[in-house]
Amino acid sequence: MKRFFYFICGCIAIAMAASCAAPKGYTGIPLVILETDMGNDIDDALCLALAHRAVDEGRMQLLAVGCHKNCATAAPYVDAVNSYYGHPDVEVAMSETPVQEFSDYVDYTAAAMAAGFPCSKIRYAEPVKLYRRILAEAQDGSITFVSIGFGTTIAQLLESEPDELSPLNGVDLVAKKCKSLSVMAGSFGYKKRSEYNVRNDIPAMQKVIDLWPVEIVLNPFELGGHVLYPATAIEENLGYDDLNPVVEAYKAYKQMPYDRPSWDILSMLYILEPELYTVSARGKLTVDDEGYTFFEEKADGKHVVLFDTFDQAQVLKQRCVDMTMRNK
């Protein structure tokens, strides 16, 4: 029944869909900053693997990965994955105010790091300062943020004051330099749900949704549940011959074999292949004080929500696998 409901939503959204205005200025490949609660759910690790594959194909530049989970191995694990995939130069940031989330998730980053994957860095940057530097140096309208965790650090960026890096405050700097924010968050299903990425820092996600001055593309909880990443790809070691930190993390997260929703992966895939999705008409997102998300259609809105039809879900699943397997 839920599948039918989202199929109908998708069909309605197709009918309502409005063309997104092309950003002024930069028209090159996506220049991406990834914000992650790496270590909570394994889709974060798979999302990072997909990003590296896109970089290898020349379809994206990964400028930085910021971690905000309260975990000593989150940033080193990201560093190790970047190094393993051949991109040790990618900046890695670790929040000085990490979020102590409400969960019983198995932290796969500690287990993966125990396998001895090497890191390339000794210390990790403070994210707001790093992001302000990247934005200040970037072309106008060139940067895409992908948020697959809590809103904590992006909210801090938006609230940042002018400094030696830029005379602009956070909101104005984002407005000048950013193209969009692709975020995995929220829920619009039959079951009323305060989605995980929202409820762990509700005030921060409210600020992100309210203050982010350019486009927000919301990938809700329900979409990822339609696209299950298959254990068979992990059993094939993602096509690699040697020990892979993403594969080892997946194995540590839950008892194999298991398929897992592709929540976070879909937010990264969207910026590469948006034609695979159904996109709502433009509107306004809001987050209430309990962490529930709402969407109101408005012609001048800056927000859109992603949906899928049954056929699209099958294609999305295949593309998630294709873009995380080694391209031999």
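# Helix packing, spaces and backbone details

Pro257 sits in the loop between α12 (245-253) and β8 (260-261). A cis peptide bond links Pro257 to Met256. This is a predicted model. The briefing below starts with the backbone, moves to three helix pairs, and ends with a pocket and a cavity.

**Backbone details**

- The omega angle of the bond between Met256 and Pro257 is about -5 degrees.
- Asn237 has a positive phi of about 60 degrees, although Asn237 is not a glycine.
- Asn237 is found in the loop between α11 (231-235) and α12.
- Helix α12 therefore has a residue of interest in the loop on each side: Asn237 lies in the loop between α11 and α12, and Pro257 lies in the loop between α12 and β8.

**Helix pair α2 and α13**

- The axes of α2 and α13 come within 7 Å and cross at roughly 20 degrees.
- Angles under 35 degrees count as roughly parallel, so α2 is roughly parallel to α13.
- The crossing of α2 past α13 is right-handed.
- From α2, the contact uses Asp43, Asp44, Leu46, Cys47, Leu50, Ala51 and Ala54.
- From α13, the contact uses Trp263, Asp264, Ile265, Met268, Leu269 and Leu272.
- By class, this contact of α2 with α13 has 10 nonpolar, no polar and 3 charged residues.

**Helix pair α13 and α14**

- Helix α13 also packs against helix α14 (residues 310-322), at an angle of about 90 degrees.
- The axes of α13 and α14 are 11 Å apart.
- Angles of 65 to 115 degrees count as roughly perpendicular, so α13 is roughly perpendicular to α14.
- Ile265, Leu266 and Leu269 of α13 meet Leu316, Arg319 and Cys320 of α14.
- The contact of α13 with α14 divides into 5 nonpolar, no polar and 1 charged residues.
- Two α13 residues appear in both contacts: Ile265 and Leu269 meet α2, and Ile265 and Leu269 also meet α14.

**Helix pair α5 and α7**

- Helix α5 (residues 127-137) packs with helix α7 (residues 170-177) at an angle of about 40 degrees.
- The axes of α5 and α7 are 9 Å apart.
- The angle makes α5 oblique to α7.
- The crossing of α5 and α7 is left-handed.
- On the α5 side, the contact residues are Arg132, Leu135 and Ala136.
- On the α7 side, they are Gly170, Leu173, Val174 and Lys177.
- This contact of α5 with α7 has 4 nonpolar, 1 polar and 2 charged residues.

**The second largest pocket**

- The second largest pocket holds about 250 Å³ of space.
- Its lining has 18 residues, and the closest to the pocket centre are Tyr105, Glu195, Tyr196, Phe221 and Trp263.
- Helices α2 (43-56), α8 (196-199) and α13 (263-272) each give at least two residues to the lining of this pocket.
- Helix α8 supplies the largest share of that lining, with 3 residues.
- By class, the lining of the second largest pocket has 6 nonpolar, 3 polar and 9 charged residues.
- Trp263 plays two parts here: Trp263 is among the residues closest to the centre of the pocket, and Trp263 of α13 takes part in the contact with α2.

**The second largest cavity**

- The structure holds 2 cavities of 30 Å³ or more.
- The second largest cavity has a volume of about 40 Å³.
- Its lining is made of Ala185, Met205, Ile209, Leu218, Leu285, Thr286, Val287 and Thr293.
- Helix α9 (202-211) and strand β10 (283-287) each supply at least two residues of the lining of this cavity.
- Strand β10 gives the most to that lining, with 3 residues.
- The lining of the second largest cavity divides into 6 nonpolar, 2 polar and no charged residues.

Key
Residues numbered from 1 in each chain as written. Predicted model: local features only at pLDDT ≥ 70, side-chain atom pairs only at ≥ 80, totals over all residues. Heavy atoms only, no water. Axes fitted to C-alpha atoms, helices over the stretch in contact; angles between N-to-C directions. Helix = DSSP H or I, 4+ residues; strand = E, 2+ residues; numbered from the N terminus. Parallel < 35°, antiparallel > 145°, perpendicular 65-115°, else oblique. Left-handed = near helix turned anticlockwise from the far one by under 90°. Contact = heavy atoms within 4.5 Å. Nonpolar A, V, L, I, M, F, W, Y, C, P; charged D, E, K, R; others polar. 1 Å grid on protein atoms, 1.4 Å probe; cavity = no way out; pocket = protein on both sides within 12 Å on 5 of 7 lines; lining within 4 Å. Points joined across faces, edges and corners; volume = space filled by probe spheres on them.
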